[in-house]
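Work through the exercises below with the structure open. Try each task before reading its solution.

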Amino acid sequence: MVTTALLGTERRPLPAAAHAPGKEAPIALLDAAALQTLRRRAGLRPAPAAALPEPAADDPRPPVPPAARRRLATLLTDQPGTGGGRRGAAPDLVELLPQWLALANARGYGAPPELLPALLNAARGRTDLRPQALTFAGPRALWLARLNPDWKFALRATPGGGVTLPSADDAPKVRRLWEEGLFAERVALLTTLRAHHAGATLDLLVSTWSTERAEDRLMFLDSLRTGLSAADEPFLERALTDRSRNVRATAAELLSALPDSALAGRMSSRAASCVAVDHTSDAPTLTVEAPHECDAGMERDGVTPKPPTGRGERSWWLGQLVEAAPLATWQPRLGNRTPAEIVALPVADDWRSELHAAWCRAAVRQRDVAWSRALLGTPASPDAAGPGAVSLAERAKLLASLPAAERADWVAGFIAAHGLSEAFQLLGVCAVPWAEPLGRAVVDSLNIARDAGSYPWSFSGVMGLAERCLDPSEAVRLEALTAIPDEAENASPGAGGYWSEAFQRLVTTLRLRAAIRDELPPP
Amino acid sequence: MTQQGVRWTADQVLALAPDAPSRKAGSKLGAAGPWSEAGSTGEGAVWGLCKGSGSKPYQTIVDIADVAGPAYKCSCPSRKFPCKHALGLLLVWAGTDGTVPDGGEPPAWAEEWLAARRKRADAKQGSAAAPAASADPEAARKRAEKRAERITAGATELEQRLSDLLRGGTASAEQMGYGLWEETAARMVDAQAPGLAARVRELGAIPSSGPGWPVRFLEECALLHLLDQGWLHRDRLPDGLAATVRSRVGLPAQAEGPPVRDRWVVLAQYDTADSRLTTRRIWLYGTESGRTALLLSYRAAGRAPALALPVGLALDAEVTGYTGTGQLRVELGEQFTAPAPTAQRPPGVRPEEAAARYGEALGDDPWLESWPVTLAEVIPTRAQDPRDARDARGTRDARETRDTGSWQLVDPATDSALPLAPSATSRPGLWRLIALSGGAPLTVFGECGHRGFTPLAAWPKDSGETVSLC
């Protein structure tokens with residue numbers, strides 16, 4: 001019938017089914033086709049079923065409460081990149097999504113299934129969101145990701161691609177996966193094992209070490225960072241003679257983080273021999289005698305002999321020795337002074353910045369609170385703001401090893417003394433929500449900036465941070481700042497209105513965060 | 001009259017937004033910050049002051065218990081309805097932070113508008129009760145006769161064109177281009193038969209619709225021919241079928257008969273648009289009558305129809321059925337309460353039953369594309385792996401299209417399945433459905449037709465809110 005229709009009734013005879021005496025051929029054909037169409041449609045029956053999918057693994061976590069689920073749906077409808085232009089007084093919902101996810105994860109809630117596609121799409125566009133989003137999304141998201149190639153990233157981002165790892169006690173299975181698994185699965189296995197059975201991890205590594213490729217050896221070695229202990233020393237010592245330079249350097253770095261290791265001891269005596277207290281001058285002064293050569297022993301212990309362009313060889317070697325030496329070296333070596341006293345000592349011949357920078361790196365690597373505190377100095381000291389001996393980036397790292405409350409106090413003091421313009425990096429390492437004195441210091445400084453008559457967008461970075469990090473209970477105190485102030489004589493035109501808008505947004509965002517927090521109570 | 005504290009969900013509020021930018025702007029205002037003096041009567045009126053960039057805050061009022069869906073008033077200059085302030089206000093109201101307390105007295109500026117609305121509604125009800133006095137029944141009859149004549153002329157002309165087409169062969173349709181179809185459609189508009197015009201336009205699109213088009217083309221030609229014949233011989237048809245033919249041709253249908261009062265669950269709301277018109281479909285399920293009903297509303301292209309009902313809620317309301325077209329279409333009458341959450345769902349059937357229902361409905365309306373059904377205990381399943389589809393076609397291009405393969409809803413008890421309509425597999429709702437299922441059975445409401453099943457709403461197996469898929 002279709003063929004006749006395609007070619008035309010002039011060229012093709014009607015099929016037998018369409019014969020109708022007394023009717024024009026085209027009409028007879030249409031009549032028959034209508035009958036057949038309706039017969040087909042009315043006679044439709046279900047199709048045979050295809051193979052059913054494997055059901056998604058159970059998510060044992062409790063589901064998020066309804067209010068929180070609605071909030072998440074709202075946060076997910078706010079897509080970045082639309083709108084644009086001036087931010088206005090409304091909160092930036094996209095920026096609150098990471099916080100929402102972190103809180104839901106901390107409280108142990110599971111994701112509502114119908115929001116998983118939106119969640120996966122959001123995580124697809126924002127790599128910074130992925131770890132939190134995938135943790136929250138749980139096993140069903142991986143089940144979905146296997147069905148939709150758009151969400152492949154979820155499988156890649158999850159150790160082992162979401163494949164269930166054998167239990168650590170099942171030695172034969174563990175061994176088989178280690179010997180036959182894909183690289184990602186092996187790394188996942190190593191990481192999981194390491195958390196519970198550090199010794200078993202080492203055994204696995206040793207069993208195949210000589211046959212692994214250099215890049216793989218580097219990744220495997222890196223997994224030892226978690227739960228590093230003296231038991232790892234013999235293995236790491238052997239890795240110091242590895243064929244690959246990167247493997248050697250990583251092994252040396254790991255060993256230097258073990259203060260009692262033989263390598264730490266060797267580095268300690270090398271570094272100590274370079275620094276001494278000179279009592280011959282009026283006040284005690286530190287003198288530095290940088291190494292004259294990088295011998296084979298140093299090189300074997302991870303010292304890179306060739307400096308980057310623009311740096312002298314000897315200061316380069318010195319920096320590496322001091323960085324790798326345990327900080328405990330210095331108190332007995334330098335007249336039993338405390339770290340603060342040592343840092344306060346003058347340093348002869350312009351070695352101060354080189355030496356202090358190396359100590360900073362050591363303090364960060366060894367997470368040494370006393371040294372970090374000493375190297376940070378007081379927040380109000382004049383060179384705390386400028387590019388002194390210790391840069392802002394290094395300060396931020398040093399701050400990270402201090403207890404949260406002390407960190408907040410230090411940054412609050414810094415802001416009080418130097419204002420906001422340099423503080424951005426330091427604020428980034430403070431615990432969220434900000435402690436009360438820190439929050440107050442930030443708000444006071446914003447207030448001062450407003451009174452000084454500048455535009456709020458000069459402070460948009462700090463404003464954005466404040467929206468995400470201020471304690472929501474501060475909203476009440478901020479209320480007064482949302483009024484439009486009288487225009488001062490020296491103020492930029494219209495600045496008052498913009499500040500009011502910016503503070504309004506801050507208050508609204510804090511309220512929203514308070515609501516988010518209340519909607520996600522501990523289950 | 002709503003219970004205290006029973007409020008909508010954010011999804012339900014956002015479903016009222018006329019477009020995506022409004023949704024976004026509304027979400028941003030859906031936080032306590034800019035709102036003050038907000039409150040609600042608990043009977044459907046919600047109000048608040050929203051601080052904008054100006055010195056005077058906007059006054060926003062929403063009446064969610066209105067007969068014709070929510071009504072809005074806002075002192076902002078936006079031309080969008082509802083504006084972002086109305087959406088924001090409803091979102092704050094939907095939230096649980098207590099910014100919009102229940103049981104308040106509306107302030108003077110809100111009360112004025114609400115009172116005026118109530119007055120108008122009462123007046124309308126009064127006038128509706130009175131018999132509709134037509135100005136001049138004789139003139140109206142003449143106009144109707146005149147129009148019928150023109151449609152008859154149009155249908156006769158269309159039959160001639162179809163006949164010519166079949167005589168020369170439909171193969172030529174592929175080369176004819178769209179112009180000829182546009183011209184024929186314009187002739188049908190002139191003949192005051194918009195239903196015929198729309199079918200002709202759709203016919204013109206089939207030759208470029210991919211493999212298998214000759215079969216689809218012949219089917220649609222045949223159904224158009226059937227409609228022509230139905231119109232030309234309408235006096236020999238049974239009353240119901242004649243009414244269906246009239247409305248399919250494009251004559252305005254009337255809501256007739258006694259109003260039916262029920263608790264109607266809003267199952268789905270979705271818009272379709274062509275270059276002229278936005279059509280909104282809202283599916284309702286009467287929990288007492290067990291009846292499924294369709295609300296249709298139209299708006300010029302690019303604007304959202306005024307009627308909007310939140311999916312998943314139930315409203316106590318009267319509806320009046322239209323004649324013809326399978327008697328699914330209704331008009332919303334008086335609404336006795338604001339929409340409120342409900343745990344009731346339509347009972348589901350098996351795939352066999354769903355297919356059979358569509359088949360039966362075709363008896364009353366041969367031009368029916370699909371029929372609303374609820375499937376119980378089905379599992380969304382991939383019927384064809386996209387990789388297989390790629391291999392079969394073997395082209396690079398196919399790999400780059402976002403083909404997710406074909407899907408079906410499987411009833412594990414009977415091992416039978418309904419394939420999903422091809423248009424449904426490219427929509428984001430598909431993935432919400434799959435995610436909700438996780439490989440386990442669930443209840444799905446949708447439209448079952450000859451192209452396959454189009455899921456519109458779903459409920460997980462254990463109790464849970466309605467999840468909209470459109």
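The exercises cover the contact between two chains, then one chain as a whole, then a single residue; the model is predicted.

**Exercise 1. Size the interface**

Task: State how many residues chain A and chain B bring to their contact, and how much area they bury between them.

Solution:
- Start with the residues. Chain A supplies 66 and chain B supplies 71.
- Turn to area. An interface's size is often quoted as the accessible area lost when the parts come together.
- Here chain A and chain B bury about 5,600 Å² between them.
- Check the atom types. Carbon and sulfur atoms carry 64% of that buried area.

**Exercise 2. Count the polar links**

Task: Find how many salt bridges and how many residue pairs in polar contact cross the interface of chain A and chain B.

Solution:
- Six salt bridges cross the interface.
- Inspect one of them: B:Arg167 and A:Glu24 meet through their side chains, with 2.4 Å from N to O. The pair qualifies because the cut-off for a salt bridge is 4 Å.
- Polar contacts link 21 residue pairs across the interface, both residues at pLDDT 80 or more.

**Exercise 3. Map chain A's side**

Task: Which element gives the most residues to the side of chain A that touches chain B?

Solution:
- List the candidates. Elements giving two or more residues include helix H1 (2–7), helix H2 (25–42), strand S1 (47–48) and helix H27 (495–519) of chain A.
- Pick the top one. H2(A) gives the most, with 12 residues.
- Sort the residues on this side by type. They divide into 37 nonpolar, 11 polar and 18 charged.
- Now follow S1(A) across the interface. S1(A) pairs with strand S13 (residues 416–419) of chain B, in the antiparallel sense, over two bridges.
- Place one bridge. A:Pro48 has B:Ser416 in S13(B) as its partner.

**Exercise 4. Profile chain B**

Task: Describe chain B by its helices and strands, its buried share and its contacts.

Solution:
- Chain B contains 14 helices and 16 strands.
- Of its 470 residues, 50% are buried.
- Take the contacts in chain B with a separation of 6 or more. Residues 24 or more positions apart account for 63% of them.

**Exercise 5. Judge one residue**

Task: Is A:Ala252 buried or exposed?

Solution:
- Locate A:Ala252. It sits in helix H13 (residues 245–256) of chain A.
- Read its relative accessible area: 6%.
- Apply the cut-off. Buried means under 20%, so A:Ala252 is buried.
- Look at its contacts beyond four places in sequence. They are A:Leu240, A:Leu263, A:Asp301 and A:Gly302.

Technical notes: Residues numbered from 1 in each chain as written. Chains lettered and ligands numbered in written order. Predicted model: local features only at pLDDT ≥ 70, side-chain atom pairs only at ≥ 80, totals over all residues. Heavy atoms only, no water. Contact = heavy atoms within 4.5 Å. Buried area = accessible area lost by both parts, 1.4 Å probe. Polar contact = N/O pair within 3.5 Å; in protein donor to acceptor, adjacent residues only side chain to side chain. Helix = DSSP H or I, 4+ residues; strand = E, 2+ residues; numbered from the N terminus. Nonpolar A, V, L, I, M, F, W, Y, C, P; charged D, E, K, R; others polar. Pairing = 2+ DSSP bridges. Buried < 20%, exposed > 50% of the residue type's maximum accessible area, 1.4 Å probe, protein only.
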